[in-house]
Structure formats: structure tokens, C-alpha cells
Amino acid sequence: MNVTYKPLLPETEQPIVIIGASGIVKDAHLPAYKMAGFKVFGITNRTISKAHKMAEDHGIEHVFDTVADCVKHAPKNAVYDITVLPDQYVEILEQLPDGVAVLIQKPMGNDYKQAKEIVEVCERKNLVAAINFQLRFASFVSAARSIIDQGLIGDLYDLEFKITVQTPWELFPVIKQHPRLEILFHSVHYIDCIRSFLGEPKRVMARTWKHPLKDLSSCRSTIILDYGDTMSVKINTDHDHDFGTDHQESYIKWEGTKGAIKAKMGLLKNYPDGLPDEFHYIITEEGNPNEWKTLHLEGSWFPEAFVGTMSNLMRFKEGSADVLHTSVQDVLGTMKVVEACYQSNNEGGVPLDQID
């Protein structure tokens, strides 16, 4: 079995200009770019001291006071990496030169309306724009895609995300109080990943909940995406399992007519240190129908998958890739599903007193 899962790298050097100096830049963007050999030309941040500290710690040559300064001094073939919160996207995109490549941190706006505004700006300015939905490029997702694309587990009929972990929301103080916390900032990854395999669902059913002892807008969700009578697709997240790691769960499971794949995402257990990933599969036509096998993969979600989103953007910009997988136009579909989740949550189910 030949499984390909590592991203192809660009053929040309395209210097990166980072707008924002948050923790995700330190923990994922910069380590990923270093391992891929990408050159980071400069960085800026509203609190400029954070940009200077990031530059000092990671050997970034240029620190700019403003986005305008970045644009003024950046090479013409620079790729802009926006890592701020959604409210600032449109303002920053308007300042970028027409036609440049830009990678925007997820989510693509706070709601579907804002997502459409972002797409409008990108199209008007002819930007080559992608959203940093890097889960699509995690080694275990890419390996699963390779196996499925070869038809080795037959036709998919079940796709499940199950997350039962203790998430330290205090590590994300800026988004912790967001009114759309769980689905918009976490389960959005799973929605986007599902769409990359199955396309657009027919309808959405969702409920998201608070915790009685926590000041969070939401921290648990159940989402059902309707792809017809034989394709079962669900997302179940529980970020409040503060009872040790023995019974925590963090996996994606694909089931098909000839086999199945189960990828355990270790990152979410004991976050941010994480535990090792695991990748298991079974192909019933290979012999013993009950024999699961293990595939050892290099890399994980953080930071390695961040190579994939940036590399795909660079390759598309230079012409060596035909598809920009997480283009703003494609991700608009993800944001539409997110909006449908919140609408479903607000409208609720069918009250029993309506049943005679």
C-alpha cells in the first residue's frame, strides 16, 4: 500500500510577512516555516513590543510598526500571513497590494456576513487568498485521504469526529469570551475537514452548550451534517473532561464498505503538550476482516500541518499547483455550515407538546 501524505514544497522562494504576533505564531507558524525552509522577511503587531520579542526569539530580520510599513518595504513576491482576530481582516486586506498572496488565520470572520465581506475584498483586489485550515494537511488526514482516494476502504458511509478532552481555554484569553466560542473557533476545523472529503451537506442539525461552572459562551457541541440516507456524519465535542487522560478521546473515524480508518489526534489531549498521534486502518479484502494495522506517520497537526496550508498557497501562486484547497471561495462554504449550525442551535428541535 502506497500512502502519500507529506505536502509538496514550492519551487521558488517567496518571503513571508507576518501580520500579528500571537501565541499561534510562536507555537505553530514559525516552527513550521523553519522546518520547511521558508524565509520570514518581517513581522508587525499592534503591540509592537510583541513583534520585537518574536523577531528576537526567532531571528526575523525586519520589524515594522504598521501594516503600511510592511507593504512599503516587503518584496514584490511576498506572501502575507495574517494572524490577528477576524474583526481586523477587512481593514488589513484593504491595505495589501492588489494581486498578492495572503494566508488568513481561521475562522474567516465572526459570521457568514463577515465571511462574504472578506471574499468580496479578496476578489475585488484580485488577491490569491487562502484560509489557514491546516487540519486538512495534518499527516493523519492526508494519509486517510490517500487511502480513501485509492478506493482501499471502498465507499465511505460514516465519518465521525469525537473529542472528549480538557481544553485550557485560559491559554486563549482573546477568544475565551467570544459569543460563538466552540463551533466558530474549534469545531469549524472539523466542519472544514469534512467538507474537504464530502463537499456540501444538504442540511445541518446542531446544539452547543455552556458549562454550569464556567464563564464560557459554549464548550460542548453536537453537530450532524446530512449527506443523505446512507452517509452518517457527526461531530461530538466535550472540552470539559477534567478527569485525567485515561478516558479522554480525540479521534477521526472513517468507515467504508471495504474497511475503516481511525486517527487519534494526540495534540488535544494534555494540550498544549499533547500525546502521540495514532493511525490505524483495516482493509477487509487484505485477509483477516478483524485485523487492524498501524501506520507510523511523521509529523502532526501542530506545527507540521501549517507547512501544508502555506506551501499550497505558495505553489498555487507560482503555478506549480492547480488547486488552492483552502481558498476564501471554498471556505465560504465552511462558514455557511457554521452559520447553519448556530441557526439550528437557536431554533431548537421539535417541542414534544406539538406532538399529538
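Trainee: Which helix holds both arginine 124 and glutamate 120?
Mentor: This is a predicted model. In it, arginine 124 and glutamate 120 are four residues apart, about one turn of the helix. Both sit in residues 112-124, which is helix 5.

Trainee: How far apart are the closest N and O atoms of arginine 124 and glutamate 120?
Mentor: A salt bridge needs a side-chain nitrogen of Lys or Arg within 4 Å of a carboxyl oxygen of Asp or Glu. Arginine 124 and glutamate 120 form such a bridge. Their closest N and O atoms are apart by 2.9 Å.

Trainee: Is arginine 124 buried, partly exposed or exposed?
Mentor: Buried means under 20% relative accessible area, and exposed means over 50%. Arginine 124 has a relative accessible area of 46%. Its partner glutamate 120 has 40% and counts as partly exposed. Arginine 124 falls in between the two cut-offs, so its class is partly exposed.

Trainee: Is aspartate 192 buried or exposed?
Mentor: Take its salt-bridge partner, arginine 195, as a start. Arginine 195 has a relative accessible area of 8%, so it is buried. Aspartate 192 has a value of 0%, so aspartate 192 is also buried.

Trainee: What N to O distance goes with the salt bridge of aspartate 192 and arginine 195?
Mentor: These two residues lie in helix 8, residues 182-198. They are three residues apart, about one helical turn. Their side chains meet in a salt bridge, with an N to O distance of 3.9 Å.

Trainee: Which residues share one network with Arg195?
Mentor: Arginine 195 has a salt bridge with aspartate 192. Arginine 195 also has one with glutamate 200, at 2.7 Å, N to O. Glutamate 200 is partly exposed, with 48% relative accessibility. Salt bridges that share partners join Arg195 to Arg136, Asp192, Glu200 and Asp330.

Trainee: How many salt bridges does the structure hold?
Mentor: We have met several, including the one between arginine 124 and glutamate 120. Another joins arginine 195 and glutamate 200. For the structure, the count is 23.

Trainee: Now the strands. Which residue is the bridge partner of alanine 263 in strand 13?
Mentor: Strand 12 covers residues 259-264. It pairs with strand 13 in the antiparallel sense over six bridges. In strand 13, the partner of alanine 263 is phenylalanine 279.

Trainee: Which residue in strand 14 stands opposite histidine 280?
Mentor: Strand 13 also pairs with strand 14, residues 293-294. That pairing is antiparallel, over two bridges. Opposite histidine 280 stands threonine 294.

Trainee: How many of the six residues of strand 13 are buried?
Mentor: Strand 13 spans residues 278-283. This strand is mostly covered. Of its six residues, the number buried is five.

Key. Residues are numbered from 1 along each chain as its sequence is written. This is a predicted model: local features need pLDDT of at least 70, side-chain atom pairs count only at pLDDT 80 or more; totals for chains, interfaces and linings use all residues. Side-chain values use heavy atoms; hydrogens and water are left out. Buried means under 20% relative accessible area, exposed over 50%, partly exposed in between (1.4 Å probe, protein chains only). Two strands pair if DSSP finds at least two bridges between them.
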